[in-house]
Structures are given as structure tokens and as C-alpha cells.
Amino acid sequence: MAGFIKRLLPKRFRRQGVTIPVVRLHGAIMAGGSAFRPMLNIAAVAPLLERAFADKDAPAVAIAINSPGGSPVQSRLIYQRIRDLAVEKNKRVLVFVEDVAASGGYMIALAGDEIIADPTSIVGSIGVVSGGFGFTELLDKVGIERRIYTAGENKVMLDPFQPEKEKDVAYLKSLQQEIHGVFTGMVKARRGHLLTDDGEIFSGLFWTGERARALGLIDGLGDMRGELKRRYGEKTELRLVSASRGLLGRRQPGVAVASGLATGASALALSAVAGLAEAAEEKALWGRFGL
């Protein structure tokens with residue numbers, strides 16, 4: 001409300017300070033989500049980015065990233081939306097890393113014209129990972145016969161209830177190499193002139209902010225408030241762009257809601273189960289970095 005009233009005042013009555021819109025991107029990057037556990041994805045982020053870049057008076061948009069990664073597709077979609085808006089609105093993008101910007105989190109960070117991190121932030125993990133479980137003996141032990149019918153010899157590739165096949169693993173790794181190639185291409189395109197000649201940059205390793213700066217993965221060390229005030233003056237104000245509120249509280253954009261046949265208690269139960277699975281996957285992502 002205060003910001004709205006401020007915009008109504010003639011410029012001579014306004015405070016002579018710069019206001020920088022801030023978008024916080026926090027969490028694992030996954031499509032979908034639930035009412036129990038909203039995820040970081042393009043559906044959730046797009047409205048916030050649109051509002052941040054719509055500020056005509058702001059010389060830049062600040063983006064705080066705290067993410068261990070996740071979906072490469074969603075990461076790239078968020079990255080591309082930031083770059084498209086930056087060009088369309090002629091805004092500078094300053095990215096600030098909090099605890100971690102790794103894997104898909106770092107892919108998003110590449111959208112920044114500059115990347116600034118804390119010396120103890122975790123940065124990097126430029127690689128691709130897939131994982132799962134094998135249950136080849138479980139059904140026999142519990143006395144269950146599995147029946148599956150397909151058209152297409154590769155339709156059950158990497159089925160966790162069948163023995164792993166070398167050709168299936170080789171195919172999966174070929175896909176990973178393609179995605180890794182896209183990722184490394186983005187890093188080189190955005191930061192190639194700054195990167196050091198270190199063969200481990202694209203190996204999947206991750207580093208502290210201090211080391212990441214030495215490798216050329218980020219531009220500087222610092223915190224958002226201090227850096228923005230240093231650049232734009234002590235009167236600089238930070239305006240957090242957050243999700244709109246509905247009648248029942250905060251409305252999370254992009255969160256999938258159960259519908260169709262699953263209604264009432266069943267929808268609630270399905271959402272709870274989905275939330276538990278997503279929580280486990282998210283915990284595993286953060287766990288890779290000791291967080």
C-alpha cells in the first residue's frame with residue numbers, strides 16, 4: 001500500500017532514492033508442486049518476474065537465489081524468461097547467491113549480468129544426475145506377480161522391477177551428455193571470457209563463493225543490501241516482489257491443485273502423498289551440499 005501511495009505523489013514530494021525490485025527464488029526446482037509443498041518452476045516464478053521487470057523507474061532487478069537445483073527444463077525456462085525480460089525492459093539483472101546456487105540453481109544464476117555470492121556460499125555443480133532404485137527381488141519375496149504389456153521394445157526401459165540392462169544405461173547416459181552439453185554451452189556463452197582454464201569446472205564439482213570467484217563462475221563477493229546501496233546510494237530501497245494474497249492467505253502461483261475424480265478427502269490425501277515424495281526428493285537435493 002505504501003508503494004502505491006508513493007507512486008501517486010508528484011515526484012517532487014517523493015524520497016529521492018532508487019527502489020530496486022527483488023525476486024527471491026528459493027527451493028528445489030521441479031515442475032508441478034502441491035498445496036503442501038510449492039516448487040520453484042516457471043509457472044510459479046513468471047508472475048513475480050513480470051511484476052519486477054514492470055517497474056519503469058528501477059535501473060535493475062535483483063534476484064536472490066537459494067537452490068540446490070532440480071529440473072534442467074524448468075531451470076532453463078526460468079533463465080530464459082529472465083533474459084527475455086531483461087532485454088525487453090532494458091534492465092540490468094543482478095543475481096545474489098545465498099546458501100547455494102548449484103546445478104539448476106546455477107543455471108538460473110547465469111541469467112544475471114553479474115553474479116554476487118557470499119564467501120561461504122556453495123556454487124557450481126555443473127553436471128547432470130539421474131537416480132532411482134531397483135526392486136528386482138522384492139516382488140518374489142512378497143509373493144506378487146507383476147504383469148506388464150507394451151507395444152514398443154523400449155517402452156519399459158529402466159523399469160525398476162526388471163534387471164538393469166547395459167544398453168538402457170548407455171542410452172540414459174547419452175541423454176545426460178546432451179543435457180550437460182546444453183548446460184556447459186550456456187556457461188561458456190554467458191561467462192566464457194571470465195572462466196579460468198580449469199578442467200574441473202564442468203565436472204560436477206562445487207565450490208565456495210571465494211573459490212567460485214577465482215574460477216570465474218561469479219563476479220564478486222558481498223550481500224544484496226550492501227551491494228545495492230553501494231551502487232545506487234544509501235537511500236536505495238529494496239522492494240520484495242512476492243506472490244499475491246488470496247482470501248484464505250498467501251496464494252502460491254503455479255501450484256497444481258488436485259481435480260477431476262480426486263475431490264475432497266481423496267484429493268487431500270493425494271496431495272499429502274505427493275508432498276511427502278517431493279519433500280524426500282527435495283531433501284536429497286539439499287543433502288548433497290550438506291544443507
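1. Y106 touches nine listed positions in this predicted model: A101, I115, V123, G124, I126, F183, V187, R191 and L217, leaving aside residues up to four places away in sequence. Y106 and its partner L217 both belong to the group with the most contacts inside the largest nonpolar core.

2. That core comprises 44 residues. Besides Y106 and L217, the residues with the most contacts inside it are L25, I63 and I82. Helix α2, spanning residues 42–53, is the element that gives the most to this core, contributing seven residues.

3. There is also a second core, separate from the one above, made up of nine residues. Among them are A62, A64, L94 and F96.

4. Two backbone positions deserve a look. N90 is not a glycine, yet its phi is positive, at about 55°. N90 sits in the loop that runs between α3 (72–89) and β3 (92–102). Its relative accessibility is 68%, so N90 is classed as exposed, the cut-off being over 50%.

5. The other position is S125, again a residue other than glycine, with a positive phi near 55°. S125 is located in the loop between β5 (122–124) and α5 (138–142). Is S125 buried or exposed? S125 counts as buried because its relative accessibility is 4%, against a limit of under 20%.

6. As background for points 4 and 5, most residues other than glycine have a negative phi. The positive values at N90 and S125 can be checked in the model with that in mind.

Definitions and conventions
Residues are numbered from 1 along each chain as its sequence is written. This is a predicted model: local features need pLDDT of at least 70, side-chain atom pairs count only at pLDDT 80 or more; totals for chains, interfaces and linings use all residues. Side-chain values use heavy atoms; hydrogens and water are left out. A nonpolar core is a set of buried Ala, Val, Leu, Ile, Met, Phe, Trp, Tyr and Cys residues joined through side-chain atoms within 4.5 Å. Buried means under 20% relative accessible area, exposed over 50%, partly exposed in between (1.4 Å probe, protein chains only). Helices (H or I, at least four residues) and strands (E, at least two) are DSSP runs, numbered from the N terminus. Contact means heavy atoms within 4.5 Å.
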